[in-house]
Amino acid sequence: MNDLTHLNAQGEANMVDVSAKAATVRVATAQGFVTMNANTLELISTGKHAKGDVFAVARIAGIQAAKKCSDLIPLCHPLMLSKVQVDFEVLASTNQVKVTSMCKLTGQTGVEMEALTAVSVAALTLFDMCKAVDPGMIISDIQVLEKQGGKTGHWTA
């Protein structure tokens, strides 16, 4: 039996057939970090960036990205998400913004990829909006923190 579900018996790329799976509530949470210089963090955390509310734009970008995940990642199923949440936490002591996302639905497949995509695109949007003042920002440590639902049940990092 092949442990890599996105490969068929011949080793070819394969979209998993989820039609026999039970529809259950599925939730995934992911996070990532954007490290920047202190001046940039001050600009965006106080709302003084010339481009306006950087967090609002990045939040919308992350939500939109989760909804478009299957357009970006070839073997992801298009999903009817019931909730996407993107949050930011300013970590002044490390000059970072922690980006967290939560995706939820009732369906036949999980939402880990959507949560990861939301975090990734929100972080990329922060970078894009701030690159003129801080081109050395670092996006790092993007990971799934938790998933619930489906055959494997509850998992935490």
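**Figure 1. Asp128, annotated as an active site.** The UniProt record, an unreviewed entry, places the feature "active site" at Asp128. The model shown is predicted. Asp128 lies in helix H4, which covers residues 112–130. Its relative accessible area is 40%, so Asp128 counts as partly exposed. Two close sequence neighbours in H4, Met129 and Cys130, are buried.

**Figure 2. Helix H4, end to end.** H4 has 19 residues, and at 1.5 Å a residue it should span 27 Å. The end C-alpha atoms are 27 Å apart, so the model agrees with the expected span. The buried residues of H4 include a run from Glu114 through Ala115, Leu116, Thr117 and Ala118 to Val119. Further along, Ala122, Ala123, Thr125 and Leu126 are buried as well. An α-helix has 3.6 residues a turn, so residues three or four places apart point the same way. Cys130, another buried residue of the helix, has a relative accessibility of 1%.

**Figure 3. Thr109, in the loop ahead of H4.** Thr109 sits in the loop between S3 and H4. Is Thr109 buried or exposed? Its relative accessibility is 17%, so Thr109 counts as buried. Setting aside neighbours within four places in sequence, Thr109 is in contact with Val18, Arg26, His77 and Leu79. One of these contacts, Arg26, falls within strand S1, residues 24–35.

**Figure 4. The five-stranded sheet.** The sheet is open, with strand order S2-S3-S1-S4-S5 and antiparallel pairing. S2 and S5 (155–156) stand at the edges, each with a single partner strand, so one side of each has no neighbour in the sheet. Strands of a sheet pair through backbone hydrogen bonds, either parallel or antiparallel. How many bridges join S1 to S3? There are 12, and the two strands run antiparallel. S3 covers residues 96–107. On its other pairing, S3 joins S2 over nine bridges, again in the antiparallel sense.

**Figure 5. Residue pairs along S3.** Several residues can be matched across the strands. Phe33 stands opposite Lys98. Phe88 faces Val99. Asp87 is placed opposite Thr100. Val86 has Ser101 as its bridge partner. In a regular strand the side chains alternate between the two faces of the sheet.

**Figure 6. The S2–S3 hairpin.** Four residues lie between the strands of this hairpin. Which residue takes a positive phi? Asn95 does, with a value near 55°. The strands that the hairpin connects pair over nine bridges.

**Figure 7. Leu91 in S2.** Leu91 belongs to strand S2, residues 83–91. Its relative accessibility is 21%, so Leu91 counts as partly exposed. The cut-off for buried is under 20%. Leaving out residues up to four places away in sequence, Leu91 touches Phe33, Leu41, Gln96 and Lys98. Two of these contacts, Phe33 and Lys98, also stand opposite each other across the sheet. Thr35 is 56 residues from Leu91 along the chain, yet their C-alpha atoms are separated by 9.3 Å.

**Figure 8. Cysteines without a disulfide.** The structure holds zero disulfides. Why is Cys69 not bonded to Cys76? The sulfur of Cys69 is 4.1 Å from that of Cys76, its closest cysteine sulfur, which is too far for a bond. The cut-off for a disulfide is sulfur atoms within 2.5 Å. Cys69 is buried, with a relative accessibility of 1%. Cys130 is buried too, at 1%.

**Figure 9. The whole chain, for orientation.** Four helices and five strands make up the secondary structure of the protein chain. Along the sequence they follow the pattern β-α-α-α-β-β-α-β-β. The C-alpha atoms fill a box of roughly 55 × 30 × 25 Å along the principal axes. Of the 157 residues, 37% are buried. The chain exposes about 8800 Å², and carbon and sulfur atoms supply 57% of that area. Among contacts between residues at least 6 apart in sequence, 69% join residues at least 24 apart.

Key
Residues are numbered from 1 along each chain as its sequence is written. This is a predicted model: local features need pLDDT of at least 70, side-chain atom pairs count only at pLDDT 80 or more; totals for chains, interfaces and linings use all residues. Side-chain values use heavy atoms; hydrogens and water are left out. UniProt positions are given in the numbering used here, feature names are shortened, and annotations may be inferred rather than shown by experiment. Buried means under 20% relative accessible area, exposed over 50%, partly exposed in between (1.4 Å probe, protein chains only). Contact means heavy atoms within 4.5 Å. Two strands pair if DSSP finds at least two bridges between them. Accessible areas come from the Shrake-Rupley method with a 1.4 Å probe; for residues, only the protein chains shown count as cover. The expected span of a helix is 1.5 Å times one less than its number of residues.
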